[in-house]
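Visitor: I have a model open on my screen and would like a guided look at it. Could you walk me through a few spots?

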Amino acid sequence: MHEETSEDTFFRELGSVCAELRQAFARHVGMSPQRVQVLVRLRRDGETSHSDLRQALGIDGASVTRLVKEFEAEGLVSRRLAPADNRYTLAALTPAGERMAADLERAHQAYQERLLSGTTAQQQEIVLDVLRRVHANASEQESR
């Protein structure tokens, strides 16, 4: 059995934090990560096709349709056929959905601030620099 290297520790911790963060906020607000993503994406992008939601969020088409229909039943989203091409369904937030998405964004900002509590702007910038370097190195490896 080999001893864990500093690189092993770095990537194990990074992976663990990333996995936890994907789920943590959604648990915090009592909603699935996909539901949060759809509401926030519709708030940011406005009326959007199911197809564009699927691509932007990496969610399969059936899941997008199910989520949008659930939101429609809850009065948070409206749907209509695209006037230019009725093969596409467009989804948009209703006023109630807009309020909920805005509340989610405010809650997310406050949540992020709590997660970064006790860290300085300089520490955050160092971590960002490291992550950008790792990302660039990974991209270079892929292009070889």
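**Around the core and the surface**

Visitor: Leaving aside its neighbours within four places in sequence, which residues is Leu-39 in contact with?

Guide: Happy to help, and do keep in mind that this is a predicted model. Setting aside neighbours within four places in sequence, the residues in contact with Leu-39 are Met-31, Phe-71, Leu-93, Met-100, Ala-101 and Leu-104.

Visitor: Which residues have the most contacts inside the largest nonpolar core, and which helix gives the largest share of this core?

Guide: That core has 22 residues, and those with the most contacts inside it are Leu-39, Leu-42 and Val-77. Two or more residues come from each of helix 1, helix 2 (33–45), helix 3 (50–57), helix 4 (61–73), strand 3 (89–93) and helix 5 (95–115). The largest share, five residues, comes from helix 2.

Visitor: Let's move to the aromatic rings. How are the planes of Phe-10 and Phe-11 arranged, stacked or edge-to-face?

Guide: A search of the whole structure finds two aromatic pairs. In the pair made by Phe-10 and Phe-11, the ring centres are 5.1 Å apart and the planes stand at 85°. Planes over 60 degrees apart count as edge-to-face. The angle of 85° is therefore the reason this pair is called edge-to-face.

Visitor: What is the relative accessible area of Phe-10, and what is that of Phe-11?

Guide: Partly exposed covers the range between the 20% limit for buried and the 50% limit for exposed. Phe-10 is partly exposed at 33%, and Phe-11 is also partly exposed, at 45%.

Visitor: Which helix supplies the largest share of the nonpolar patch on the surface?

Guide: The patch is formed by Phe-10, Phe-11, Ile-126, Val-127, Leu-128, Val-130 and Leu-131, which together have about 570 Å² of accessible area. Helix 1 (6–29) and helix 6 (121–142) each supply at least two of its residues. The largest share, five residues, comes from helix 6.

Visitor: What is the relative accessible area of Ile-126?

Guide: Ile-126 is found in helix 6 and belongs to the nonpolar patch. Exposed would need over 50%. Ile-126 counts as partly exposed because its relative accessible area is 48%.

Visitor: And leaving aside its neighbours within four places in sequence, which residues is Gln-124 in contact with?

Guide: Gln-124 also has its place in helix 6. With a relative accessible area of 29%, Gln-124 is partly exposed. Beyond neighbours within four places in sequence, Gln-124 is in contact with Leu-116 and Thr-119.

Terms used:
Residues are numbered from 1 along each chain as its sequence is written. This is a predicted model: local features need pLDDT of at least 70, side-chain atom pairs count only at pLDDT 80 or more; totals for chains, interfaces and linings use all residues. Side-chain values use heavy atoms; hydrogens and water are left out. Rings of Phe, Tyr and Trp (its six-membered ring) pair if their centres lie within 6.5 Å; planes under 30 degrees apart count as stacked, over 60 as edge-to-face and the rest as tilted. Buried means under 20% relative accessible area, exposed over 50%, partly exposed in between (1.4 Å probe, protein chains only). Patches are made of residues with over 30% relative accessible area and no salt bridge: like charges are joined within 9 Å, nonpolar side chains (Val, Leu, Ile, Met, Phe, Trp, Tyr) within 5 Å. Accessible areas come from the Shrake-Rupley method with a 1.4 Å probe; for residues, only the protein chains shown count as cover. A salt bridge is a side-chain nitrogen of Lys or Arg within 4 Å of a carboxyl oxygen of Asp or Glu. Helices (H or I, at least four residues) and strands (E, at least two) are DSSP runs, numbered from the N terminus. A nonpolar core is a set of buried Ala, Val, Leu, Ile, Met, Phe, Trp, Tyr and Cys residues joined through side-chain atoms within 4.5 Å. Contact means heavy atoms within 4.5 Å.
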